[in-house]
Amino acid sequence: MRASGMQARRLRTVIAAGVIAALTIGAAGCAESDRDSGGDEGKAATGGTFIFAGAGDPKNFDPIFNDDGESFRPIRQMYDTLVTHKPGTAELEGGLAESWSNDPTGKIWTFKLRQGVKFHDGSALDAAAVCANFDRWYNMKGEAAQSQMIYYTDIFGGFAGSPDAVYDNCKAQDPATAVVTMKKYKGAFPGAFTLTAFSIASPTAMKQYDSDKVTQNGDSFAYSTFATEHPTGTGAFTYGGWNKATGEITLNKNPDYWGNKAKVDKLIIKIIKDENTRKQELRAGTVQAIDFPAPADRKALADEGYQVLNRPAFNILYLGINQKNNPKLKDLRVRQAIAYALNRAQLVQTKGPGGAAVADEFLPNTVAGYAPDVQKYEYSVDKAKQLLAEAGATGLTLNFYYPTEVSRPYMPNPQEIFTVLANDLQAAGIKVNGVPRPWNGGFKDDVQQFGKQDLHILGWTGDYNDPGNFVGTFFGRAKVEFGDASMTDMFTAIGKADATVDPAAKKAAFEQVNRDLATKWLPAVPIWHAPPALVTTKNVQGLVPSPLTAEEFNTVSLTK
Amino acid sequence: MSRTGGISTLADHKRRRIDELTARTAEAGGVSLIRDAGRRLLRDPTAIVGGVIILLFLIIAIFAPLVAPHDPVQRFPELTQHLTVDSIPGATAGHPLGSDPLGRDFASRMIYGARQTLFVGVLATLIGLLLGVLLGAIAGAVGGWVDVLIMRITDVMLALPSLLLAITLVALASRSTQWTVIIAVAVVNVPIFARLLRGSMLAQRESDHVLAARALGVKRRDIVLRHMLPNSLTAVIVQATLTFAVAILDAAALSFLGLGDPDINRAEWGLMLGVDGVRYFEVRPELAYFPALAIIAVALGFTLLGESMREALDPKNRR
Amino acid sequence: MVRVILRRLIQLVVTLIALMTLVFFWLRSLPGGPVDALLGERATPQTRELLTRALGYDQPIWVQYGRFLKNVVTGNFGNSIRTGEPVMEVISRSFPATIELAVAAIIIAIGLGIPLGYLAARHRGRLLDNATIIVTLIGISIPIFFLGYLLKDWLTQDIHFFPPSGRISTGLGNTDVTGFFVLDGLLTRELDASADALWHLVLPAFTLATIPLAIIIRITRASVLDVLDEDYVRTADAKGLRDATIRKRHVLRNALLPVVTTIGLQTGALLAGAVLTEKVYNWGGLGTLITDSISGSRDYPVLQALILLAAVVFIVVNLLVDLSYAVIDPRVRVQ
């Protein structure tokens, strides 16, 4: 219709103004982005800000109350442990302790501490401080706090007054010598001393900020300001704040660090939960490194010139078998049939991230105790069918539980892995009922507490180089997950091997355990080792990928 | 369109749109109105386009086993041998659209996907429709406090945007399955149909032929079932076509958010787009583009037809 | 009037308590509660037991319920399972992010929608009109998470026209005053922060605005057409130039009424779109909070609080609207 000229003109002006505004913002933004990225990339080899994109929120910054990698990443930069790993390996080397030794019974551990090391608050790192940490853990009061010390419960068994407690006492023989006495030997030592959860924190700061106060608040817990605002360790970085609105954890270089001082001035850990968005931020240049790229993206990123750093595989994915619900699964032949039915090589080829390999044992081949001559189950549908027929289990129907809404380094895509494995089993004549359960919405409960499944997939990333950390954790005692209460000779053999103090004898014992696991027991079928990766921009130097996902960023520098 | 007031609430507006629709179709002379509308529809290009799209969709969905070259769940060795996590084979002999991330025939999955998408959309719409019609009929026929109660509940539900309601329902469910998605989307549509039916009932209650029937002593139940419900049919059908489009879009959104059907064996477009399409977008964007285009086309088709039907039934256009 | 308000407030409280009770019992009947969410892969049965006791889950359900009610009444919604901070802090931090995004989207939808709809109506039947119809139809048929995905891929990867995600550039160190980053930058004279926040806002706002924009264009167009077709307009038209001015103003004012109504409708729909948009762009607002609290670990404290808040907002808004009707039009009874 006839709108007047003035009306039309006004409208046109409005539209034009809008378009100009949008373009201006875009242009300003571009200038903005150039400014920011230019500022970082143009610096010399030392200094600058290193921005690392992590995959999840940390819980808090008190090491003993944490158990997941996302919390440990910032914690690791701010604290040190008595013993640590050579960068990029699972080999031990001295951390806060220059050297360590144990007595022949394996119960008394002596640590010779480094001299002149100070906590971030200036107090001295000495034997008294070390013992204060051990005693603190052992004497922790309150179920709230105790329930959050997951690694402590796992390694040290229990708290003060508990008959399961492994820790006895700690003495400061002299300021540089701490002697820790255990009630019994565990194969976990000395490897367990490298666990980030057992980092040494400043007793002064802990006292000042009431570090032991963990209170229940509704359906979760509230932590002390030591854990949330004043983490104080001896590490290469000091705490600079956590901006939750933008998801950035800022860490500053510690100029008084006892070891290799950080090469960058500032480290920002930016939390980006979606793996695709992480990749996009890397490409846009707003972060210099990302963790856990999607396996499908690694090649593309490598082709574009980014550095894809593969961590040596130190994890395991297994198909768990629960013998409780279906009596046929108690027959070794049926379990072997399942092993033969799985085309693991094809799974690795089609779904495995770069560097993945079929697993024949439940631990990676870099761990002492790995048997090189273990019985392999090469893919054979015929053998599977034959064994099933022998056991009278043709036409077997099994409930196969798998997790959803989760991605783990050893299991990047559970739904796809399940589909492929179920497919293989169907081809061998085993009928599969797929039962998806959300990771935190029933999977862990159903599988590990109630044992409702016949089959399930699960895995594990190793904490330190000790066969007990893998095999012992899974099969060292009866677990609901495997319904294996009857396999007592398995428990005994593993228990014996784990209690062996002499390294050579322990290695031989575990090698035999691994052979027997494959031939005699087969409580589960190992599937693959899948190395997670890191990706960085070209100008990031010195980032050493760790098989334990335990990277330290003090060696990182940004070049031009 | 309402001209009577300033800013109203979400529920208010949805209510008015639904009420208008029922008002239009509840007028006496329903048959000639429908015949009129039908004639107008056949001349309307948007209706034709929408109708053709829907027809194509229905044919593919119903005759999927005949149209598809392969089984949608079977993994083919000729595809898996070239399959890696960062390289998915494209079109090869016997597989016109190439492979999906697990070595299955993508073309077959797209075709069977029509079937599953139809299933989800139809069920979500149908369940919502049946429950809504039931509630609305009761509210309209019985009246009184039953009416008020039902309308209060539907008001609350109408105020919430459909996806949020669906998310809340999934969150409160113990786990996600295909049925969770269907029910969530269905529940979202119940208040719309309830409102529709109730409005239609109320409009017809005072109409001549109903009054006459009651004067003659015809039982209330018979009046409702034999006269009032059939007259509400047109409005319900129009709303159903519009609801279908939103239903499959919401289902796709739920899959994208990780709240959808976890069984990736099932070939359903929303699932294929929201899970595989997004994850493997760089490796093989076709895995996203094809389901996306299919969803857009079908949603478009239903929207076109629904809108045209609504326009055609508008008595104002009878001039 | 006062009595009515009081009555409605009491209704509000009763409804809320009923709702909270329902949610409380329902959430606790689901498998894999907070205990599961707080335990990792390394949990032993021992730890599980400790945790169950520490959270008081071994106590009878009525004791737990009582504690829960007491907390809610004092405004304590507990701590988020995921991040460990007080739930209210988490929500109040996410709130401004979503509001900023929604406001930007509405501005785009209205600022572009009304003029475009008007133009389409004015050029009815011609190319601009037909193109508009087609584009808007596609606009409401497209899954917006996919659209956001495409935009991110085209405009942030090969060409760095916009940032791929987030509300502000990493390491910028902007000062947080109100939580509205654009506003904060202006308040603290950190204009680069404002500009940076605006730059981050563009793509998400456009993605979110897609559906409201399409709908507003269509409604405006339909509404303008309606009004232009009215008899009284034609009559006024015939009367001559002097009345044409009055007619124009009359046209627009009448045409805009349904558009305004639609805007109200779309504002609610924006929140639904925000959930998807925020996930695509890692926005950190309520939408991100909702998906984070459901997918993966069910963060019950946060979910409970969100449901309660939604209910409060809805009821209060409804009450205000009913009251405003009574004020505007005394003929309307507030019942």
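**Nonpolar core.** I looked up the largest nonpolar core, a set of buried Ala, Val, Leu, Ile, Met, Phe, Trp, Tyr and Cys residues joined through C-beta atoms within 7 Å. It has 332 residues, and those that touch the most other members are B:I167, B:V185, B:I248, B:I295 and C:A105. Helix α9 (residues 191-229) of chain C gives the largest share of this core, 20 residues. Buried stands for 20 or more other C-beta atoms within 10 Å of a residue's own, exposed for 12 or fewer, and partly exposed for in between, with C-beta atoms placed from the backbone.

**Conventions.** I noted that this is a predicted model, where local features need pLDDT of at least 70, side-chain atom pairs count only at pLDDT 80 or more, and totals for chains, interfaces and linings use all residues. Residues are numbered from 1 along each chain as its sequence is written, while chains are lettered from A and ligands numbered from 1 in the order in which they are written. Helices (H or I, at least four residues) and strands (E, at least two) are DSSP runs, numbered from the N terminus.

**B:I167.** I then listed the contacts of this residue (C-beta atoms, placed from the backbone, within 7 Å). Leaving aside neighbours within four places in sequence, B:I167 is in contact with B:L259 and with C:V275, C:I290 and C:I294.

**Strand β5 of chain A.** I checked which side chains of β5(A) (residues 108-113) are buried. A:W109, A:F111 and A:L113 point to one face and are buried; A:I108, A:T110 and A:K112 point to the other and are not. I also looked for its partners, two strands being paired if DSSP finds at least two bridges between them. Strand β4 (residues 97-102) of chain A runs antiparallel to β5(A), joined by five bridges, and A:A97 has A:L113 as its bridge partner. The hairpin of these two strands has five residues between them, and there A:G106 takes a positive phi near 75°. Strand β7 (residues 177-182) of chain A also pairs with β5(A), antiparallel over five bridges; here A:T110 is partnered by A:V179.

**Contact of chains A and B.** I found 26 residues from chain A and 20 residues from chain B in the contact. On the side of chain A, α13(A) gives the largest share, five residues.

**Confidence in chain B.** I read the pLDDT, the predictor's confidence in each residue, from 0 to 100. Chain B has a mean of 81, with 86% of its residues at 70 or more. Among its elements, helix α1 (residues 10-25) has the lowest mean, 64, and helix α3 (residues 45-62) the highest, 91. Residues 1-8 of chain B are below 50, and this stretch has 16 contacts in the model beyond near neighbours in sequence.

Technical notes:
Contact = placed C-beta atoms within 7 Å.
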